[in-house]
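Me: Could we go through this chain together, one question at a time, beginning with the overall fold and ending with single residues?

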Amino acid sequence: RFHKDNRWGDFWSVGASWRLSEESWLKDFSWIDNMTLKASYGVQGNDSIGFLYAWQQPYSLGYPNGGRGGAIISKLETKDLRWEKNKNLNVGLDVSLFNRLNLAVEYYNKVTEDMLMDYPMAVSLGFSGYNKNIGSMLNQGVEFTLSGDIFQKPDFTWNMTVMGSTVNNKVLKLTENGAPIKSGNYIIQEGEALNSFYLVKSAGVNPANGDKLYYVWQEDEKTGKRTYSVTNNYGLATAYREVAGSRIPDLYGSIANDFRFYGFDVNLLCTYSIGGKILDGLYYNYLYSTYPGTAAHVDRQKAWKKPGDVTSIPRIDMGGSTEVLYTTDDLVDASYFAIKSLTVGYTLPSKWMDAINMDSIRVYLSGDNLLLFSARKGLDPQYNFSGGTGFSYTPERTVSLGVEINF
């Protein structure tokens, strides 16, 4: 992927742990089974840029000219490409208490330098961009795992495991002059999360005529203070976009439960995410569909129809379309709660097995991807961390009935 002058990189790591529970000043606490403090620091390399010969200038031969062979340059040469470096600091604490409760908490701080990105350029130069090492980025947060035996009885046990993670993402440095990289409705800007939304701020819908309204501003050159006003001018509003959040959630993780009751066993796994936003482009296209035969979303019935209507969906003009910008109104809460899997089983009594000379027989019913609770029907925010939507399949709901026989 890299030129021979930048092909090799040196990456290292170091770690240590201290088992506090073995110290004399903690040994008297018999309810502490284990307490371990751990820390590590290391540098990792990344060369994943999506192209095997990223530094070279390849040609495409798929452009014949008058029946003869033709070739064009398909990518610019970038000999100065080099390894992306991830500097990772991790500090954690593992605790076991009362022989039934376990807690693992870890703080991480990851600084990415020389990020491998596609750097945009004027299309009039013949290319939309080229590969480049750009700036640095920070990811930091806390990860935790809490597990324990809620009940420990001979005929009933219940074990629960809760996992969670937080992430604070920030671009520390970008281009040499600090200029942001804008791409459609997204922006990469110093001090903001990577690929933040870059949208016009919505001012709602004019109840008098159904026009979509937008916020625009005038900025004081000395103080930088903005004075906002409202306009229905589609063309004017396009110049007044601003950072409007990102897909990154405040907290995400999973909850697992395992039950045992006589011969029955139940395993339930749920996942969750709290916070973050999604720009639902598919919903937007169905709401303002412009092509004959395109399905219209049912919410289109809520569009403005007569003076006095108070709604968030503007007037739909003759022909089924209207000039409407993507705005902050099109951002949807990306929070969700999903029942990922549920298994219910029953193991036949051992005395029955002895009678037929078998070790065990277990009958079970299992389901995957059973239920999803999200902000909008049809929107699945589980498998997309980019902040957008597209025509892609998500895992199907499956239900299985099975028998396990051991002999």
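Reply: Before we start, one cut-off is needed: a residue is called buried when its relative accessible area is under 20%, exposed when it is over 50%, and partly exposed in between. Please keep in mind that this is a predicted model.

Me: Is Asp265 buried or exposed, and what is its relative accessible area?

Reply: The limit for a buried residue is a relative accessible area under 20%. Asp265 falls on the buried side of that limit, with a value of 10%.

Me: Which residue forms a salt bridge with Asp265?

Reply: The closest N and O atoms of the pair are 2.8 Å apart, and the partner of Asp265 is Arg362. Asp265 belongs to strand β18 (residues 264-274) and its partner to strand β22 (residues 360-374), so the bridge ties together parts that are 97 residues apart in sequence. The partner counts as buried too, at 16% relative accessibility, and its name is Arg362.

Me: With which glutamate does Arg362 form a salt bridge?

Reply: In this salt bridge of Arg362 the closest N and O atoms lie 3.5 Å apart. Since Arg362 lies in strand β22 and the glutamate in strand β23 (residues 398-406), the pair ties together parts that are 42 residues apart in sequence. The glutamate counts as partly exposed, at 38% relative accessibility, and the residue asked for is Glu404.

Me: In the salt bridge between Lys302 and Asp299, which residue is exposed?

Reply: The two side chains meet with an N to O distance of 3.6 Å. Asp299 has a relative accessible area of 15% and is therefore buried. The value for its partner is 54%, and the exposed residue is Lys302.

Me: How many helices and how many strands are there in the chain?

Reply: Among the strands is β5, which covers residues 84-97, and another is β6, which covers residues 101-120. For the chain as a whole, the count is 3 helices and 23 strands.

Me: What is the radius of gyration of the chain, and what does the globule rule give for 407 residues?

Reply: Along its principal axes, the C-alpha trace spans about 80 × 65 × 65 Å. The chain is more spread out than a compact globule, because its radius of gyration is well over the value from the rule: 28 Å, against 22 Å.

Me: What percentage of the 407 residues count as buried?

Reply: The chain exposes about 24,700 Å², of which carbon and sulfur atoms supply 54%. Counted by residue, the buried part of the chain comes to 34%.

Me: Among contacts between residues at least 6 apart in sequence, what percentage join residues at least 24 apart?

Reply: One pair far apart in sequence is Val91 and Lys38, which are 53 residues apart along the chain, while their C-alpha atoms are separated by 5.8 Å. For the chain as a whole, the percentage asked for is 63%.

Me: Which residues are in contact with Val91, leaving aside its neighbours within four places in sequence?

Reply: Val91 has its place in strand β5 and counts as partly exposed, at 34% relative accessibility. With those neighbours left aside, its contacts are Lys38, Ala39, Val105, Glu106 and Tyr107.

Me: Which side chain of opposite charge is nearest to Glu84, and how far away is it?

Reply: Glu84 lies in strand β5, and among the residues it touches are Gln44, Thr112, Asp114 and Asn133. Although Glu84 is buried, it has no salt bridge. A salt bridge needs a nitrogen and an oxygen within 4 Å; the nearest side chain of opposite charge, at 6.5 Å, is Lys110.

Me: Which residue is linked with Arg82 and Lys85 in a network of salt bridges?

Reply: The residue in question lies in strand β6 and counts as buried, at 18% relative accessibility. Its phi is near 55 degrees, a positive value in a residue other than glycine. The third member of the network is Asp114.

Me: Where is the place of Asn357?

Reply: Phi of Asn357 is near 60 degrees, again a positive value in a residue other than glycine. Asn357 counts as exposed, at 71% relative accessibility. Its place is in the loop between α3 (350-355) and β22.

How values were computed: Residues numbered from 1 in each chain as written. Predicted model: local features only at pLDDT ≥ 70, side-chain atom pairs only at ≥ 80, totals over all residues. Heavy atoms only, no water. Helix = DSSP H or I, 4+ residues; strand = E, 2+ residues; numbered from the N terminus. Rg over C-alpha atoms; globule rule 2.2 N^0.38 Å. Buried < 20%, exposed > 50% of the residue type's maximum accessible area, 1.4 Å probe, protein only. Contact = heavy atoms within 4.5 Å. Areas by Shrake-Rupley, 256 points an atom, 1.4 Å probe, with all protein chains shown as cover. Lys, Arg positive; Asp, Glu negative; His and termini not counted.
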